[in-house]
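This briefing introduces a protein structure to a reader who has not met it before. Please keep the sequence and the model at hand while reading the points below.

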Amino acid sequence: MRFSLLPILLSLAEAGAAQSPRAANPERPTVATHAYAVAPGYGELEQGIALRGVRSLGEATSWDLNLKLGLARGWQLGVSGIAYGRTDSGTGVGDLGVALKGRTDLTATTAVAVVPSVTLPTGSQGAGLSAGRALGALVGVVSADVAPAWHMDINLGPTGIGVGKPQWFGSTGVTWSRGAAALTMELFGFTSGGGGPRQSGVLVAVLITPGEWVVADAGGVWGAAPQTPNQVFLGLTTNLGRIFE
């Protein structure tokens, strides 16, 4: 499974209705996603560099991209992929992922979303950067501000749909913020299935917001299950402003 590409930051931002449309609202760097969507007509680009591996961090390197477009209030289209990847087998690009997020508010502090997605086999198979077939996922999300400085995101749903037994994905994450800085931690896991082995781990990251429209992140993943890669990463989320009416 591609850790950086399933969307998935423990929100640094407030509920979307209270946000400026120019405020960056990153889903990276976590495995999961929050329930919020980019404002209608606006675009947001997430990108990051990651080193990962089961035995050493030198096993793989990637430059990950995720372009998010606000289609309508509460609706977002995301297009993601590895723009450049390096493994022991070679270099190339990764599979192309497309995700549609539909969000609604339950209360002033709680939002829910459903995120169906598909990953297309456009990557470099010789470099081990492609699953070799189309794979689907359907993840439900709950996001809540539980205290003035604390936020929580919960994800649950099947992934790896289309290759034998689906893998169930679940995550729970908490973010603490103070001023322009935030600290986020996530516990995540995948069951074994046709798409890959059982995986689980802990992610910890620091996020800095130097301006309303940009958020920088840095952190790492500790793989708790035997075949879960460890990871270190550095990334940037940029709100691109209004792209279309």
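**Briefing on charged pairs, a nonpolar patch and strand pairing**

In this predicted model, a salt bridge connects the side chains of Glu-27 and Lys-101, with 2.9 Å from N to O. Glu-27 belongs to the segment before strand 1 (42-53) and Lys-101 to strand 5 (residues 96-105), so the pair ties together parts that are 74 residues apart in sequence. Glu-27 and Lys-101 are both buried. The model has seven salt bridges by the rule applied here.

**Salt bridges between distant parts of the chain**

- Arg-28 and Asp-217 also form a salt bridge, and their closest N and O atoms are 2.7 Å apart.
- Because Arg-28 lies in the segment before strand 1 and Asp-217 in strand 12 (residues 214-223), this pair ties together parts that are 189 residues apart in sequence.
- Both partners, Arg-28 and Asp-217, are buried.
- A further salt bridge brings together the side chains of Glu-44 and Lys-68, at 2.8 Å from N to O.
- This pair links distant parts of the chain, with Glu-44 in strand 1 and Lys-68 in strand 2 (residues 60-72), 24 residues apart.

**The surroundings of Lys-68**

- Is Lys-68 buried or exposed? Its relative accessibility is 1%, and a residue counts as buried under 20%, so Lys-68 is buried.
- Glu-44 likewise has a relative accessible area of 1% and is therefore buried.
- Which residues are linked with Lys-68 in a network of salt bridges? They are Glu-44 and Glu-46.
- The side chain of Lys-68 makes a polar contact of 2.8 Å with that of Glu-44, and another of 2.7 Å with that of Glu-46.
- When neighbours within four places in sequence are left aside, the residues in contact with Lys-68 include Asn-25, Pro-26, Glu-27, Val-38 and Tyr-42.
- Also among the contacts of Lys-68 are Gly-43, Gln-76, Leu-77 and Gly-78.
- Glu-27, which forms the salt bridge with Lys-101, is thus named among the contacts of Lys-68 as well.

**A nonpolar patch on the surface**

- Leu-67, Leu-71, Trp-75, Val-79, Leu-96, Leu-100, Val-118, Leu-120, Leu-240, Ile-243 and Phe-244 form a nonpolar patch on the surface.
- Together, the residues of this patch have about 840 Å² of accessible area.
- Which elements give two or more residues to the nonpolar patch? They are strand 2, strand 3 (75-87), strand 5 and strand 6 (110-120).
- Val-79, one of the patch residues, is located in strand 3.
- With a relative accessible area of 33%, Val-79 falls between the limits of 20% and 50%, so it is partly exposed.

**Pairing of strands 6, 7 and 8**

- Strand 6 and strand 7 (residues 135-147) run antiparallel and are joined by 10 bridges.
- In this pairing, Thr-110 stands opposite Ala-144, a residue of strand 7.
- Strand 7 also runs antiparallel to strand 8 (residues 150-159), and seven bridges join the two.
- Ser-143 has Asp-153 in strand 8 as its bridge partner.
- How many residues does the hairpin use to join strand 7 to strand 8? The hairpin joins these strands through two residues.

Technical notes. Residues are numbered from 1 along each chain as its sequence is written. This is a predicted model: local features need pLDDT of at least 70, side-chain atom pairs count only at pLDDT 80 or more; totals for chains, interfaces and linings use all residues. Side-chain values use heavy atoms; hydrogens and water are left out. A salt bridge is a side-chain nitrogen of Lys or Arg within 4 Å of a carboxyl oxygen of Asp or Glu. Helices (H or I, at least four residues) and strands (E, at least two) are DSSP runs, numbered from the N terminus. Buried means under 20% relative accessible area, exposed over 50%, partly exposed in between (1.4 Å probe, protein chains only). A polar contact is a pair of N or O atoms within 3.5 Å; within protein, one must be able to donate a hydrogen and the other to accept it, and residues adjacent in sequence count only if both atoms are side-chain atoms. Contact means heavy atoms within 4.5 Å. Patches are made of residues with over 30% relative accessible area and no salt bridge: like charges are joined within 9 Å, nonpolar side chains (Val, Leu, Ile, Met, Phe, Trp, Tyr) within 5 Å. Accessible areas come from the Shrake-Rupley method with a 1.4 Å probe; for residues, only the protein chains shown count as cover. Two strands pair if DSSP finds at least two bridges between them.
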